[in-house]
Amino acid sequence: MDNSLLVSLSQQLAAYRAMDVIANNLANVSTPGFKREAAKFEEYVTQMRPSEEQKGPQSVSFVKDAGVIRDVSQGNVEETGAPYDVAIAGKGFFAVQTTAGMRYTRDGHFSLDANGNLVTSQGYQVQGDGGAITITPNDGDIHIAPDGTISSVVRGVGNQIGKLKLVDFADSSILTKQGANLYSTGQTPTAPATVSLQQGALEASNVQPVIEISHMIEVMRAYEATATLSKSQEDLMRQAIDKLGQTPS
């Protein structure tokens, strides 16, 4: 295959990958605590055999998929009024126990399951400093302090139920996505330097639809330009083959 076609193919695959990442961002515009991502590419240079009228190996530059870059900037905090919704302002993650082990999330849309355990939308138990957090109907109105302390007042008597476990990492941008807005990591979790939680609110996704759509248009134009170049190259090759076929033997 001609080198130009191979280069064009690598660019088209890169555009496809970029479009996939953008589409995922747009699909999660309304997902609490979601962090937008951007496709990352690198230049891969290799030596190819020379074509006619060329001497020595030829350097050819391809596009290499190098993963994604995650934007961990803070999303807007939006009030919901739900007593178990909790937004993190600043750094940190909630710790969640799943069947696959400990996971971490910024999505604070919590509720109570049939056993009174504080759980995520998927039913995973939200962790406190002492494990799962259980709230009973007898606990009355629930108050979640900015430091994560969960308490209630029953007949004028204050009662501390537990404290949300919040963790941070040396580099939160390299956490591994596990689906359901959860992350895993091999890094050692540490306590955030400062903690500021807001009850009855959620951190919104930091995806900006207008910017994502503009990126989508740029990727589509780049793909179309590459596709046009590939078609032109194929037409030239086809014409050359036709002319060679018409040459008298």
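Visitor: Leaving aside neighbours within four places in sequence, with which residues is Gln12 in contact?

Guide: In this predicted model, Gln12 has its place in helix 1, which covers residues 3–27. Once the neighbours within four places in sequence are set aside, the contacts of Gln12 are Tyr223, Thr226, Ala227 and Ser230.

Visitor: Is Gln12 buried or exposed?

Guide: The relative accessible area of Gln12 is 16%. Buried means under 20%, and therefore Gln12 counts as buried.

Visitor: Which strands each supply at least two residues of the largest nonpolar core?

Guide: The largest nonpolar core has 15 residues, and Val86, Phe94, Phe110, Leu118, Ile150, Leu164 and Leu197 are those with the most contacts inside it. At least two residues of this core come from each of two elements, strand 4 (86–88) and strand 11 (142–144).

Visitor: Which residues belong to the other core, of seven residues?

Guide: This core lies apart from the largest nonpolar core. Its seven residues include Phe93, Ala95, Leu175 and Tyr183.

Visitor: Which residues lie closest to the centre of the second largest pocket?

Guide: The second largest pocket has a volume of about 240 Å³. Its lining is made up of 16 residues, and the closest to the centre are Val72, Lys91, Gly92, Phe93 and Ser172.

Visitor: How many charged residues are in the lining of the second largest pocket?

Guide: Sorted by class, the lining holds five nonpolar and five polar residues. The charged residues in this lining number six.

Note on methods
Residues are numbered from 1 along each chain as its sequence is written. This is a predicted model: local features need pLDDT of at least 70, side-chain atom pairs count only at pLDDT 80 or more; totals for chains, interfaces and linings use all residues. Side-chain values use heavy atoms; hydrogens and water are left out. On a 1 Å grid over the protein atoms alone, a cavity is a set of points where a 1.4 Å probe fits but cannot get out, and a pocket is an open set with protein on both sides within 12 Å along at least five of seven lines; lining residues have an atom within 4 Å of a point. Grid points are joined across faces, edges and corners, and a volume is the space filled by probe spheres set on the points. Ala, Val, Leu, Ile, Met, Phe, Trp, Tyr, Cys and Pro count as nonpolar, Asp, Glu, Lys and Arg as charged, and the others, Gly among them, as polar. Helices (H or I, at least four residues) and strands (E, at least two) are DSSP runs, numbered from the N terminus. Buried means under 20% relative accessible area, exposed over 50%, partly exposed in between (1.4 Å probe, protein chains only). Contact means heavy atoms within 4.5 Å. A nonpolar core is a set of buried Ala, Val, Leu, Ile, Met, Phe, Trp, Tyr and Cys residues joined through side-chain atoms within 4.5 Å.
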